Amino acid sequence: MLKIVTSGEMREMDRFAIKELGIPGMVLMENAGKGTFMVIENQFEPEGEETVYVFCGKGNNGGDGYVIGRYLWNAGMKVKFFVAAAEEDLKGDARANYDIIRKLEIPVEFISEKKQLNKIDRNGPDLVVDALLGTGIAGAVYGFMKDIIEFINKLNCPVISVDVPSGLNADSPVVKGEVVMADMTVTMALPKICHVFYPAKKYVGELYIVDIGIPQIRLNDPAVKIQIVESPDIELPDRAPDAHKYMCGKLSILAGSAGYTGAAALTSQAALYTGAGMVILGIPASLNPIMETKLTEVITRPYGREILDSAEDEDVQFLLDWCDVLAIGPGLGRADKTQKAIVDILRNLDKPVIIDADALYALAEYPSLLNT
């Protein structure tokens, strides 16, 4: 599984590498820049004569940009840096890498107002590197930084963002204000929340992850709770050749209400396709004829009449007692009685549960139940 980190968790991993292990920040920045260059080289296959604009901010994201530009320049490309900061504001590792590109006499222009943007050749670049802001912002961009982002978005060429498209909050899927619309984002060590959740994700383009030298023991920190399940993580257990359905897991499903029988049917079919030995779908009695038509291999167990309205219903209790695992929520509805029944079931059930859809809605006021 791939960890998804907040900006704070990523800063702590950087701090650990630098302070506890003694890996210099310049080394991490060099690895970030070189890794991003290699992604650009592999994905765009430049011929060596392309013109590249690199937009840098004053922080470490800009420092990564200087390293990337240096490698692109060394590969024969025509690189020009546009720095959205005063030279005296550049500090630390970012300043050190800026000094290197100055010594190499790669063109640099400091920009601080909109009229300077109007003088930049919009048809000039074959590629743009966005190294303006990185993971450090929370709110919407404004002022001149907003002007630069709008300028980049109007350029007719591919845009590669470093770590995070400028304007996005690394810790949120919410988009506030102007954001660089990247064709590709190269992030460092691990993806951030904005990379994987919409609507922020649509600004990211293709996402690539670069190893900058932080040890796996930190990248796999159990304190980081958000994870993406990838195909190699899915391992189905081996089954004996003579196994029968009662040996392969019993799943009860509470799903479906008037107008939402499809949710119940799809959940039940998916359970069988993924290997559950037996599946019983609990469904309001009024909908049972529909489910008997839709489903052939899934057993149905009607309860109540129109909705799930009580955790004490004897047919519901049968399903809870019978199963090894419960799936609850798809299409159940949000009637007050249904929501209360869901909470009562989850409060008292001592079995693995898959919670989805309307059951998640029911738990919005009872998040502590997820910890039981």
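Select Cys-157 and display its sulfur: the closest cysteine sulfur, in Cys-56, is 15 Å away, which is too far for a bond. A disulfide is taken here as a pair of cysteine sulfur atoms within 2.5 Å, and by this rule the count comes to zero disulfides. Cys-56 is accordingly in no disulfide, with the sulfur of Cys-157 as its nearest cysteine sulfur at 15 Å. Cys-56 is buried at a relative accessible area of 0%, and Cys-157 is buried at 12%; buried means under 20% relative accessible area, exposed over 50%, and partly exposed in between, with a 1.4 Å probe and protein chains only.

The model is predicted, so that local features need pLDDT of at least 70 and side-chain atom pairs count only at pLDDT 80 or more, while totals for chains, interfaces and linings use all residues. Residues are numbered from 1 along each chain as its sequence is written, and side-chain values use heavy atoms, with hydrogens and water left out.

**Strand 2 and its partners**

From Cys-56, extend the selection to strand 2, residues 51-56, where five of the six residues are buried. Helices (H or I, at least four residues) and strands (E, at least two) are DSSP runs, numbered from the N terminus. Two strands pair if DSSP finds at least two bridges between them. Strand 2 runs parallel to strand 3 (residues 78-83), to which six bridges join it, and Val-52 has Val-79 of strand 3 as its bridge partner. Add strand 5 (residues 127-131), which pairs with strand 2 in the parallel sense over five bridges; there Val-128 is the bridge partner of Tyr-53. If helix 3 is shown between strand 2 and strand 3, a right-handed β-α-β unit comes into view; a crossover is right-handed if, with the strands pointing away from the viewer, the path from the first strand over the helix to the second runs clockwise.

**The largest pocket**

Keep helix 3 on screen, since the next selection draws on it. Which elements give two or more residues to the lining of the largest pocket? The largest pocket holds about 700 Å³ of space, and the elements in question are helix 1 (7-20), helix 2 (25-44) and helix 3 (60-74). Helix 1 supplies the largest share of this lining, five residues. There are 30 lining residues, and Asp-14, Asn-60, Asn-61, Asp-64 and Thr-135 lie nearest the centre of the pocket. By class the lining of the largest pocket has 13 nonpolar, ten polar and seven charged residues, where Ala, Val, Leu, Ile, Met, Phe, Trp, Tyr, Cys and Pro count as nonpolar, Asp, Glu, Lys and Arg as charged, and the others, Gly among them, as polar.

Rolling a probe the size of a water molecule over the atoms shows where empty space is left. On a 1 Å grid over the protein atoms alone, a cavity is a set of points where a 1.4 Å probe fits but cannot get out, and a pocket is an open set with protein on both sides within 12 Å along at least five of seven lines; lining residues have an atom within 4 Å of a point. Grid points are joined across faces, edges and corners, and a volume is the space filled by probe spheres set on the points.

**Strand 10 and the second largest pocket**

Move on to strand 10, residues 250-254, where four of the five residues are buried. Strand 11 (residues 278-284) pairs with strand 10 in the parallel sense over five bridges, with Leu-251 opposite Val-279. On strand 13 (residues 325-328), which runs parallel to strand 10 and is joined to it by four bridges, Ile-328 stands opposite Leu-254. Helix 9 (residues 261-273) completes a right-handed β-α-β unit with strand 10 and strand 11.

The second largest pocket has about 260 Å³ of space. Of its 15 lining residues, Leu-251, Ala-271, Thr-274, Ala-327 and Ile-354 are the closest to its centre, and strand 10, helix 9 and strand 13 each give two or more residues to the lining. Ten of these lining residues are nonpolar, three polar and two charged.

Within helix 9, pick out Gly-262, which counts as partly exposed at 28% relative accessibility. Its C-alpha is 9.1 Å from that of Met-291, although Gly-262 and Met-291 are 29 residues apart in sequence.

**The cavity**

As a last stop, select Ala-138, Gly-139, Ala-140, Gly-167, Leu-168, Asn-169, Val-174 and Lys-176, which line the largest cavity. Its volume is about 30 Å³, and the count comes to one cavity of 30 Å³ or more.
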